[in-house]
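Good morning, and thank you for coming. I should like to take you through one structure, moving from its charged pairs to its rings, its disulfides and two of its helices.

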Amino acid sequence: MRKAWLAAAAAQFCISLAHAQSDVLIEIDTGRKEGIFTKSPVFQRAILAKPAKPTDTALLFFRGYPGIAKIQSVADKQANLQPFMRMNQRVFAEEGIALVIMDCPTDQWSMAGDNPTACLDRYRSSKEHADDVRSVIAKLKGEHGFSKVYVMGHSFGTISSRWLAKNLGNDISGSIHSGAMNGHNPWGHANSLSGFPYSTIAAPVLHVHNENDACAQTPYAIVKEYAGENLVTVRGGVPAGDPCGARHLHGYQGREELVVRSIISWIKTKKVDRLIGE
C-alpha cells in the first residue's frame, strides 16, 4: 500500500514538475534617455513565464486598462495578468506556450492617479513601439529559443496588439485581440483604430469577444463586423460588478478556461472555434 502511495505521489510530482514555470525578468535598454537633468536610461521590460518543458512558442500579452504594468521584478507578474489568463497559467504551461507579460517602456509610465497619461494611442501605434517589442522578440528568439511568437491584447491592450499586428508584419506568427476596445469614450482611447486597415495585417489573426459584452467601450457588434471568419464568439458567463471590469462578461467570467483553450487551439491549428460556451 505504501509503495503504491509513493509511486502515485512520485508520478504527481513529475506531472507538477512538467507543468512548472520559471519566471524570468527581461530588461532591455532602448538606447533612449528620459529626464532633462538625470538623462536616465529607458528600459523595455517584460516577464517571461517559461514552462519547464522545452517549447518553441511564446505569447506576448498586453494587459487591459490602464495598460501600464510598471514591471520591476518577476513579482509583478500576477497583478498584470487578466483573471482569465491568471487562472489558466497551468493550461498554457501544459500546452507548451510561454506567457510573456509585456510592459510599456519606462518613459511611458506616466499616470494621473489610476489613469494613464502616457503609453496611449500615439505611442502604441508608433514605429517606436513596434521596435521596442521587436527587441523583446529578438531576445526571446536569440536567448530562449522561441521560434514562434504571437502577440495578444485584451481590451485596452488591443490598441497595441492590432497596431503591432500591422507594424511587425511577419516578425510574428499571429495576433489575438480579446474584448477589443472600439467604442467612443471621452478620453479618446483607441481612436487611432477608427478605419483600421485589417486587410494589411500579414500574419494570421484571431478575435475573441463575448456576444453580450456590456462595456460601452468594447461593443461586440463592431468587432463582429470587421472580424469576419476570424471571430470566436463567447456565449454566456457570469456578469458581476463593473461591466468593463475583469469580473464581468467582458473578462469572460464563468467561461475563462473555455476561452483560453480556444486561443491555444487556434495558436496550434489555426482552426477558429466560431462559438463557445453554449
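Is Asp131 buried, partly exposed or exposed? Please keep that in mind for a moment, with the reminder that we are looking at a predicted model. Asp131 is partly exposed, its relative accessible area being 30%. Its salt-bridge partner is Arg134, and the closest N and O atoms of the two are 2.6 Å apart. Arg134 is likewise partly exposed, at 29% relative accessible area. Both residues belong to helix α5, where 3 residues, about one turn of the helix, separate them.

That pair stays within one helix. Let me turn to pairs that connect separate elements. The model has 18 salt bridges in total. One of them joins the side chains of Glu27 and Arg45, with 2.6 Å from N to O. Glu27 is in strand β1, residues 21-34, and Arg45 is in strand β2, residues 40-51, so this contact ties together parts that are 18 residues apart in sequence. The two ends sit in unlike surroundings: Glu27 is partly exposed, with a relative accessible area of 39%, whereas Arg45 counts as buried at 11%.

Strand β1 also takes part in a second bridge, this time to helix α5. Here Glu128 meets Arg32, and the closest N and O atoms are 3.5 Å apart. Because Glu128 lies in α5 and Arg32 in β1, the pair ties together parts that are 96 residues apart in sequence. Glu128 is partly exposed at 32% relative accessibility, while Arg32 is buried at 17%. How far does this linkage extend? Through shared partners, salt bridges join Arg32, Asp107, Glu128 and Asp132 into one network.

I now move to the aromatic residues. The structure contains 6 aromatic pairs. In one, the ring centres of Tyr150 and Trp266 are 6.0 Å apart and the planes stand at 75°, so the arrangement is edge-to-face. Tyr150 comes from strand β7 and Trp266 from helix α8, so the pair ties together parts that are 116 residues apart in sequence. Both Tyr150 and Trp266 are buried.

Another pair, Tyr198 with Tyr226, is stacked, with 4.2 Å centre to centre and 15° between the planes. Tyr198 is in the loop between β8 and β9, and Tyr226 is in helix α7, so this pair ties together parts that are 28 residues apart in sequence. Tyr198 counts as buried at 19% relative accessibility, which falls under the 20% cut-off. Ring pairs further link Trp163, Phe196, Tyr198 and Tyr226 into a cluster.

Trp163 brings us to helix α6, since Trp163 is among the buried residues of that helix. Helix α6 spans residues 158-167 and is mostly covered, with 8 of its 10 residues buried. Against which elements do the buried residues of α6 pack? They pack against β3, α4, α5, β7, β8 and α7. Just after the helix, Gly169 adopts a positive phi of about 55°.

Helix α8, the home of Trp266, offers a parallel. Its 14 residues, 256-269, reach 20 Å from the first C-alpha to the last, close to the 20 Å expected at 1.5 Å a residue. The buried residues of α8 include Val259, Val260, Ile263, Ile264 and Ile267. The helix is followed by Lys270, whose phi is positive, near 65°. Lys270 also lies over the face of Trp266, at 5.0 Å from the ring centre.

Finally, the disulfides, of which there are 2. Cys104 is joined to Cys119, with 2.0 Å from S to S. The torsion about this S-S bond is about -90°, so the disulfide is left-handed. Cys104 is in the loop between β4 and β5, and Cys119 in the loop between β6 and α4, so the bond ties together parts that are 15 residues apart in sequence. Both of these cysteines are buried.

The other disulfide joins Cys215 to Cys244, again with 2.0 Å from S to S. Its torsion is about 90°, so it is right-handed. Cys215 lies in the loop between β9 and α7 and Cys244 in the loop between β10 and α8, so the pair ties together parts that are 29 residues apart in sequence. Cys215 is buried at 5% relative accessibility, whereas Cys244 is partly exposed at 29%. Counting bonded cysteines along the chain, the pattern is 1-2, 3-4.

Thank you for your attention.

Definitions and conventions
Residues numbered from 1 in each chain as written. Predicted model: local features only at pLDDT ≥ 70, side-chain atom pairs only at ≥ 80, totals over all residues. Heavy atoms only, no water. Buried < 20%, exposed > 50% of the residue type's maximum accessible area, 1.4 Å probe, protein only. Helix = DSSP H or I, 4+ residues; strand = E, 2+ residues; numbered from the N terminus. Contact = heavy atoms within 4.5 Å. Salt bridge = Lys/Arg side-chain N within 4 Å of Asp/Glu carboxyl O. Expected span 1.5 Å × (residues − 1). Phe/Tyr/Trp six-rings, centres within 6.5 Å; stacked < 30°, edge-to-face > 60°. Lys NZ or Arg CZ within 6 Å of the ring centre and 35° of its normal. Disulfide = S-S within 2.5 Å.
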